Amino acid sequence: MSYHYSFKKLKRRFFNVWLVLFLCMTTVMAQTKINIRGFVADQNGEPLVGTTIIVKGTSLGTVTGADGSFNLSVPEKSVLVISSIGFNTVEVPATNKNAMKITLQEQTQTVDEVVVVAYGTTKKSSFTGSMTAISSDKIAKLTQSNVAASLQGMSAGVNVLNNVGVPGADPVINIRGIGSMSASTSPLYVVDGMPYDGQLSSIASSDIESISVLKDAAASSLYGSRAANGVVVITTKKAKSDKTVVNFNANWGFSDLAVKFPKMAQPGEFFQYWWEAYYNDAVYANGMSDADARAYASANYMDHIINATTDSKGNAIYVNPYNLSNPLDENGKLRSDAQLVWDKSDWDWYGASIKKRLRQEYSVDVSGMSNEGKMNYMFSGSYLDDKGMAVGQMFKRYTMRTNITNQVKSWMTLGMNLAYTHTRKTNSNVQTRFLRVMPSYYSPYLRNNDNTDWVYNEVTGDRMLDFGAYRKQWGWWNSLAWSLGTDSDNDGSYDFDMIYNDLVSARTFAEFNIMKGLKFRSGLSIDNQNSKENYYGSAIHGYYESGDDGWGSTVIEGGGSASRTGTRQTSTTWNNILTYDNTFGKHHINLMGGQEFYNFQYEYMYGYGAGISMANLYELNSTTTDKSISSYTDKYSLLSFLGKAEYSFDNKYYVSASFRRDGSSRFSPDSRWGNFFSAGGSWRISKEKFMEGTSSWLNNLSLKASYGTTGNDNVSSYYAYQGTYSSVDADAVTVNMYTTPGLTVNTIATPNLKWEKNQQFNAGFDFNALNSRLNGTVEYFSRKAKDLLYYKELPLSSTTGNATGYNTNLGDIRNSGLEITINAIPVQTKQFTWNVDYNMTFLKNKITYLPEGEYSYSGSYAKYKMVEGKSRYEIVGPRYAGVDPETGKAMYWKKIFDDKGNVTERVKTTNYTEVNTDSQYDFLGSSIPKVYGALTNSFKYRDFDFSFMLYYALGGHLADHMYKESNVLRQGFAIASDFIKNRWRQPGDETDVPRLTVDGTSTYNATTMYSSRWIYKNDFMRLRNVTFGYNVPRRLTSKYGMSNVRFYVTGDNLLTFGKAASRGTDPEMDISGDAYNGSDKNGAISSRLSLTGGIQVSF
Amino acid sequence: MIRKYITIITTICLILGLGSCDDKLTTSSSVDISDTQILSSAAGLNMLLEGTYNRFYFKTNSDDFRQVFKGITGNYMLDMLRGTDVICDDNLGGEQYEAYQFISTYTLASGSSSIMWKNLYNIINQCNIIVDNIDKATGNDEMKNKVKGQALAIRGYCYFQLIQFYQQTYAIAKDKAGVCLRLSSTDGTDIPRSSVSACYDQIINDMTTAQTLLADFNRGDVKYYLDKDVVSGMLARVYLVMNDWSKAAAAAQEALQNYGTLMTRDEWRNGFCHADYSEVMWGFYQTTESNMGDNGMFSFWYNWPESTGEPFYNFNNYFVNDLYVKLFETTDDRYQFWHRTDAYPTKWACSKFYDPGNGSAKSRGDYVLMRGSEMLLILAESEAQLGNSAAALTALNKLQSARNVKNLTTTTSKSDLLEAIYIERRKELMGEGGGGMLDYLRLQKTLVRAGDHFDAGKNAEIFPLASNDYRFIFQIPQRELQLNASISESDQNPFSGQ
């Protein structure tokens, strides 16, 4: 309460100050202007079109026209900065005496681009840290609905997993390895200079000018406690010239699963497998005679997988794709009179669920300058409609953005970037695992009891969906029944789950030139995100639907249900930064100091009810039973002081240092303050005298090194250090005794909990040779995370209430590696250019200190062990030893130990229980790739361009549960015939595939238990992107007033190479390598390929 | 001029920023309550006690579907299913069937031995917090005594449960490793196993201290609170296991002072779901807010003939053995429980745990956890062991008469009398601790399964099971071995064998 009050007070105080600033601004003074005109040409006197002319220190500027000429009104004594791609930038004083003639020299030196870094911009050459800048043209090639997904393969050291095939889904991004155990490993996102908390999918990629990835401490430690996992800085577009530029972009495409599932067994095959399994068990496990076993198999196989029902004549019947209730003969072969009565499409869950669906995107932006370049504006709007690839997927996004900066006085500039985004998406219920394991003898549609026809909805005439009438497994389930409509467009009968999101993202600043070189900037940003989830569980369709009073119209037992979830998230950042930048002869200094306050608030509300007794009613008001409600609010704030100093001499020697002090509400008052610093230097060795001999081919070589610290406070709870009591238990059930209020221990106090600290070292060199035809960066990094935030499990006898463990700082992790980035232009002629971009990262992830010893735990499928010297995700398990040729049972290697616990020998056993203990497990590989990177080749011939990017990751491991499931005969689950072709069939068979057995997952049979058999090395390569484009020649477009017209076709993830794909598993998997259920292990559909065609037009 | 303003404003801005934000850095949950607030007052600790009772009666630590591990009554089910008198069908699978079949649910590697361990320690640790903080908390002595006394009683009882399930019985295992005695919330995580006798010393210490503290506590008619009479009853159970006959007799006598009026025939016939009957010392009821869901005894026993038209979804899971039914005279009040159902025409359904309420209320009957009849049986057994056959017969016959038994026991032979008392115990306390696994351990009887048990084939693999066989006993959970540095593999209970 007091917190809230005082923050309000603070805001009021802040706005008073703000008001004063605005009053100042109203006294605008007149300033003398001169009109200049000029002409820009290359060494040969050819006019240079599109050259940018900017008045130094302002955003005032223009571009040259088709004849190389320009006109501009500038303040007296201005200096013009003239730049054109491929040419050296020059600075000339503005003069209106004569038409200015400016000649640009073709570039032989490296492009000294200006890059966006922490709290400002810098020249790349003077930057001592490690970062990658990605320009908009690279981002524009990839048609991702989430801009962060485009980062894959763009930068060395940045590992991006686009493992979820849902439109707009967030990728998993790890910069320079995994530096945490249980705190977040995501980078900090900064948009237009301020930390960004909105959804990444809310940003239209067409609005983005550049993305910088800050990797080492020198680059990121100014973000202190939140920068341990690196920082991704996104900058949105602004005008580049005073000419009004209109860009229009449209593209259309579709997507599909990137990796095809294995071919599932067909119904007839399935029945024979089951028969065989029963026969095997009868003979080899129970010792029956051949004849008895056949009879036993025939009597049992069908009932195990299909629920018997009674047909209209009163006979027991198994409704299946064949005309016979029991389509196998006494030898387990299809009977000659067995006929399929279902069409193949009737059991094709995949075909019914995954379809190529339209994705369309349109964007337009208008930018320019007015008021003699003092006002710089950019307006944009975009619309995206991505229907995904699965039934029920939908992602729509509407964005609007206005970026304005206005130099209201010579010493004051005000600006505001304001964006509004509305998104609408559905949660589809189509899941990878479900599609893989739903066997072909079940149909998505409801068959009648006589197996003569489908059951039809009496209202719509469509086939009724089946919720498990004849299924032994997957009762209640039908992925097609979910999200067939939306809440604004519902046919009144099926479930839906819609999520609405509205984001207002505002960044405003005032900047003052106090004196030469000294600037003060005060910025305020607010990200306000309101989200609402509307869920409806059908009142008409579902497991209880009986059709007694008509299919498709009767309300089912219990009726429908509805829930509404509302969240409101507001994050506010206010910072005040003073910078001093000046050059004295060959000395250049840049000093910066300031303060920042960050406040985050998250409000949650939820309501649920059931018992909706009518169709077409979806609101909570219509619910009558089982109502429940909940709400809570979370708060988090951070106060910071920061400073930076940079010095360079003669553009040869650069040093920098930074400091930040953060206080975070996530920690107790005694341990909340953390200090972070960095120091770095670089040496442009190629400028030294002794290097003169190389200047003919080596344009630039600089060495650099940095060291520093960053922090991570992103532990699971906002109040992790506090001891708390709760009135509900871990299952959110009240702990009251009847109506007497009760409490339970919720969390154990850990007042000493503190930051996770990263110590980062970076060293490397940048080079540029052969007139920029070959350049690149090689860097070594070492990143040591100390005092890892970790929720440590207590011995069971120490658990209390909901507290099964406690938050602590435990252990150290070291990530180290080498990053290589190379850009080469092997061929460059007037007509043809070939450009190669290559990046490669060698990564080693190692736990270096684990004070409380080895620690085993289970993932969803995989089992892991943390030990010193191994990686964060080290998969362990028993070793598979093939198949016993006599019995067809799976065997495992069992270790025999001596008294001292040393392994003396290994013997094969078929008893899984013996090997399913910690001491029997072997290390089976780390899930973290050892090497990853990308190779991009771009070709340009006349007006055509073509490029492709190959992305690869090598050395990781995968526990492929989904593949395992395609290998196991399990009640109500699918199997793939190809995988079990070589199975054991009779004594003496030598094979790796055990015999078929009834429910092979049970301990008794142990044929497909968790073991090394399902752990695979996950080397893969993807054709990440292919783009083919055509630029209409300017002589054709200019007639219509268009400066640029481009047509293109682009494809993402068109090909996937590697063993995982041959198993039907997408190699892009959750970082833990646990392919349990979908590629995020929680049921998501795997990543998709997409094909898009589009047009870009600029006026 | 204006630049001067700017400079001033800049300074103000920075000072504002520097000076005023530090106190904004303390935020806390909008729903959870800070520990200092709870621990400093007896009222707060009393709320923790109520939450502990909730766990004690209704909860497991992970509440999806935990039949025989749900609350303290789960232990009674587990005990009952691992005897001879109750039989359990496989129609639901699940933990109750695994318990019945001695399937390896209690083993280290694959089993759920961890569930009971975690549940009971979870309760114990909340009690420890109460005991540690109550003396220095604000509040009057009456409140403090009441809260502390109940916390100690709960803790003692939880240890009593643990020691019986995780080690062989006191009589033969005094010096063996018992359970970890956690007695304070500040003890740290690594606690070794104490000896069985040390565990019993602690149990008695907790319970006798509780008795003193609860001397003036009047719980009214809220029978889920532990008062001094319930604690006497608990002590009677403990002394019985310890074969301390005179103390057991004395404790039972004390409990009987207020609960000696036994249930009438009509009360018996009205379903065993009424905690308000005069002989009921300890019990709790279920409401729509606080209940066992479908995981309680009522759901598993419920197996009325379909012909009665009962609309309730029934599990048809528990039945009684035909040999057990034959123990009763047909005129015995308790004989009226047995009947045949359409679905299971060859098994004896039982309507002892039957709630005559309607609809889902049928699974929401009251739970009876201790009553005067048991105290009479403890009294009789103790007196018989002490050689006082007359006193033993008085107690036994009182119960038999109340149940309308025609041929009252008259034997004065010690062994015959003890056997008669044991059979009466099975008859009276089926599902309440009579004739279950814990009696087999306590009395060192070999468990033999005969009669119409389900899955006779599987039974033959296991039974007869000697009372000192470790297959009766849970193993220490793997997670405890991994994380508690004071216990190692060598401290583990064997999986089987004597």
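Me: What makes chain A a confidently predicted chain on average, and what share of its residues score at least 70?
Reply: Chain A averages a pLDDT of 88, and 95% of the residues score at least 70, on a scale that gives the predictor's confidence in each residue from 0 to 100. This is a predicted model, in which local features need pLDDT of at least 70 and side-chain atom pairs count only at pLDDT 80 or more, while totals for chains, interfaces and linings use all residues. Residues are numbered from 1 along each chain as its sequence is written, chains are lettered from A and ligands numbered from 1 in the order in which they are written, and side-chain values use heavy atoms, with hydrogens and water left out.

Me: Where in chain A does pLDDT stay under 50?
Reply: Residues 1-8 of chain A stay under 50, and the model has 12 contacts for them beyond four places in sequence, a contact being heavy atoms within 4.5 Å. Residues 17-30 of chain A also stay under 50, with 23 such contacts. Where pLDDT is low, the predicted coordinates should not be read in detail.

Me: Which elements of chain B have the lowest and the highest confidence?
Reply: Helix H1 (residues 2-20) of chain B has the lowest, at a mean of 62, and helix H9 (residues 196-213) of chain B the highest, at 98. Helices (H or I, at least four residues) and strands (E, at least two) are DSSP runs, numbered from the N terminus, and chain B comes to 20 helices and nine strands.

Me: Why is the pair Tyr119(A) and Tyr223(A) called stacked?
Reply: Rings of Phe, Tyr and Trp (its six-membered ring) pair if their centres lie within 6.5 Å, and planes under 30 degrees apart count as stacked, over 60 as edge-to-face and the rest as tilted. The centres of these two rings are 5.0 Å apart and their planes at 25°, so the pair is stacked. Tyr119(A) lies in the loop between strands S8 (114-117) and S9 (120-123), and Tyr223(A) in the loop between helix H3 (217-220) and strand S16 (231-236), 104 residues apart.

Me: What makes Phe217(B) and Tyr225(B) edge-to-face?
Reply: Their ring centres are 6.2 Å apart and their planes at 70°, so this pair is edge-to-face. The structure holds 96 aromatic pairs over all chains.

Me: Are Phe217(B) and Tyr225(B) buried or exposed?
Reply: Both are buried, which means under 20% relative accessible area, with exposed over 50% and partly exposed in between (1.4 Å probe, protein chains only). Tyr119(A) and Tyr223(A) are buried as well, and buried residues make up 62% of the 498 residues in chain B.

Me: What makes a space in this structure a cavity, and how many are found at 30 Å³ or more?
Reply: On a 1 Å grid over the protein atoms alone, a cavity is a set of points where a 1.4 Å probe fits but cannot get out, and lining residues have an atom within 4 Å of a point. The search finds 15 of 30 Å³ or more, where grid points are joined across faces, edges and corners and a volume is the space filled by probe spheres set on the points. The largest cavity has a volume of about 280 Å³ and is lined by 27 residues, with Gln144(A), Ala149(A), Val164(A), Val166(A) and Arg1088(A) nearest its centre.

Me: Which element gives the largest share of the lining of the second largest cavity?
Reply: H7(B) gives four residues, the largest share, to a cavity with a volume of about 240 Å³.

Notes. On a 1 Å grid over the protein atoms alone, a cavity is a set of points where a 1.4 Å probe fits but cannot get out, and a pocket is an open set with protein on both sides within 12 Å along at least five of seven lines; lining residues have an atom within 4 Å of a point.
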